[in-house]
Structures are given as structure tokens and as C-alpha cells.
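I sat down with this one over coffee and kept a few notes as I went. Here they are, in the order I looked things up.

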Amino acid sequence: MVRITVFIFFLQIFSPAVLEAQSFRFTVKGKIGALAAPAKAYLIYEAAAGMKTDSAVPDNGVFAFHGISPRPDLVAYLKISRSGGIYEDVEFLRFFMDAEIVTIVSDDSLDNARVTGGPLNRDESVLKAALAIDEPAKAYTGFIKSHPDSYISLEALNIIGGEYPDLALVEPLFNILSPRIRSSQSGIEYARRIASLKKVDIGAVAPDFTMPDTTGKPVSLHNFKGKFVLLDFWASWCPPCRAESPYLADAYEKYKKKNFTILSVSLDQLSGKKNWIKAIRKDGLVWTNVSDLKEKNRAAMLYSVHSIPQNFLIGPDGKILAKNLRGKALLELLEKILGQ
């Protein structure tokens, strides 16, 4: 199922770390087949004044870029357009500007390019080779265990964890990383994420919050103690969330008389309040709906929700029983707990 990511990091799949600032002059040398005009190569990277895009016309496949990198862990992007337009007929490669000279070579296209220069590019090449042989989870896990002092391992951990990290999987792998990597800025951020996830892991007491409903009346999670509560995070603008509505409605209708209810938290903002209320009516969400209508929803932050749809099933004792129940999974679990 496609999910909508709420917090997006501009032009980054994952930032490996931020090292102590140390700018240096760089050269990116390229040789991609026998490309020539009208083809163009584009280099996109972060400069001191912000994001920068340079271009070059290949001569028999050869091109070069020169500039200043603000730090030695910089993520850069190379685009090749055979028609010349930056958004047309584009091949795309991410690499690291972690050496004074970085070389990118391929007999035909960026898909088969070899990147040399610097430890980060070297480690990523090792990981790519492993991914070509093993299934992803095995390749990423194996790389982390064999390269605990590589920033690429932190990136691999982020990929393994995905949108809904399994603490039993990611925490032991994070602890394998060297002190240098764990104490980097990205390492500290990941440690904070683990700490936040622990607060809303299965078995934890669901954090309490108070938020206004559609009429402005404050509603608190603790008001539902003694019931089975599905805490559901969604938004009117989120198609995958709306696709879940029929399953939620079925569950509510079947089990509302068996000590079950739903508390839906919308990530709509103030400008979308009308759409939020319209979606509630259209989808038949007849249970309690709340939202603070802010850009950073307080409940979403409290529950470490970075993408939607996402939900938590909370027991009568206030503890989290299950997470991310999609489609028929919610009905199946409720049937086990509450019967038919």
C-alpha cells in the first residue's frame, strides 16, 4: 500500500551524518559512454549559499565539474539528459562528494556507473554489490555488522527500519554502530527516534493527550480508558487513509457494542478544516474525530507518527496492544479479542 509521508527531507534519501564543517575544492570527472550534444550532464549539490546546479556538455562521454564542497560528507546528485533538458529523458545517480576527486564511469548509462573516490562512495559500492547478490534485508544487515564505523551503515539502518521501524530489529543494529557514528548528528537523531518509538511500542502505556473535536470541544484520550480504542492517524488529503475508511466503519459498526471505539486524529491543517469535516461525513466516520489543525500535529509528534495512515490499538488498561492494523487485519484481531 502506498503511504503518504508527512515529513519530507529536501533532496535527501537519508543524510549520513554531519561532520565538522571542513570545505574543500572538488572535481567530479565523468565518462558515460560516447555521449555528446545535445546531451547534458547536471550536478546538483549543496553549496555555501544554498542548493546549486551546474551543467556540462559531454564530449565523447567525457565531462567534468569543479567547485567547493562545504563539508566532506556531502550528498550530491548527477543527472544525465540525452535530450539536454534537466527534467527530460533523465538518468539519475546519487553519490557522495567525500573526496577532492570523484570519478564516475560507465560504458552506457548511470544505472551501471562505477563511482570511485572517498570512503563513503567505496562503502556504498560494497553495499550495492551485496544488494545485487542477497535479498535486501540480509544485505543491509550484513553490511551494518561488517561496517560498524561507516556512515553508510546508518543509512542502511534507516532503510531497514522504514516508515514503521521494528525496535526489536533496529535497536540491536544501532547499538552495533561505533561510538563515532552513534555520536554523529544523524546518529543522535536516530537514537532520539528509538527513544520516541519505545514510548509507543506494544506493551507501553499509550501517552495521553487532549485535542479539540470538530466543534472545538476538548477530548482527552484518558476519557476512553476502560474501552478498546483504535487511535487512528489520517488526513482528508491522504488517499491511502481514505481507502481504509470502509474497514474502520465495518469494525466500528460490528464492535461498538462490545466495548470498542475509534478516536481519529486528523493531520489536516486550519486551511483544510472544511475538507476534514466533509471527508468525515462522506466516509461515514461517525466516531470521535479530533485535530489541532496545526502543521505539526501534537498527537502525531507524541506518537512518533511520520507517515499516514497509521494506527494504534489500545486496551482497556491503557496499554498499546497492536499497531498499524490495515484492511481486514483490524477486524480479524478484534474477532480474536472480542469474539464474533
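The entries below go from the whole chain down to single pairs of residues.

**Entry 1: confidence.** I began by reminding myself that this is a predicted model. The protein chain has an average pLDDT of 91, and 94% of its residues reach at least 70. I marked residues 1–20 in my margin, as pLDDT stays under 50 there. The model still gives that stretch 57 contacts beyond four places in sequence, and I will read those with the low score in mind.

**Entry 2: the whole chain.** I counted up the secondary structure next and found 10 helices and 17 strands in the protein chain. Along the principal axes, the C-alpha atoms fill a box of roughly 75 × 40 × 35 Å. How many of the 340 residues count as buried? The share is 49%. I also checked how far apart in sequence the contacting residues lie. Taking contacts between residues at least 6 apart, I found that 66% join residues at least 24 apart.

**Entry 3: a hairpin.** I then turned to β3 (residues 40–47) and β4 (residues 50–56), which run antiparallel and are joined by seven bridges. Two residues sit between these strands, and together β3 and β4 form a hairpin. To pin down the register, I looked up Ala 41 and found its bridge partner in β4 to be Ala 56.

**Entry 4: a four-stranded sheet.** In which order do the strands of the open sheet lie? I read it as β5-β2-β8-β9, with mixed pairing. β5 (62–69) and β9 (114–116) are the edge strands, each pairing on one side only. From one strand to the next, the twist averages 15°. I looked more closely at the β9 end of the sheet, where β8 (residues 101–106) runs antiparallel to β9 and three bridges join the two. One pair to note here is Thr 103 with its bridge partner in β9, Thr 116.

**Entry 5: two helices.** My last stop was α1 (residues 119–133) and α2 (residues 136–146). Their axes are 9 Å apart and the packing angle is about 145°. The crossing of α1 past α2 is right-handed. Which residues meet here? From α1 I listed Asp 123, Val 126, Leu 127, Ala 130 and Leu 131, and from α2 Pro 136, Ala 139, Tyr 140 and Phe 143. Sorted by class, this contact has eight nonpolar residues, one charged residue and no polar ones.

Key: Residues numbered from 1 in each chain as written. Predicted model: local features only at pLDDT ≥ 70, side-chain atom pairs only at ≥ 80, totals over all residues. Heavy atoms only, no water. pLDDT = per-residue confidence, 0-100. Contact = heavy atoms within 4.5 Å. Pairing = 2+ DSSP bridges. Axes fitted to C-alpha atoms, helices over the stretch in contact; angles between N-to-C directions. Left-handed = near helix turned anticlockwise from the far one by under 90°. Nonpolar A, V, L, I, M, F, W, Y, C, P; charged D, E, K, R; others polar. Buried < 20%, exposed > 50% of the residue type's maximum accessible area, 1.4 Å probe, protein only.
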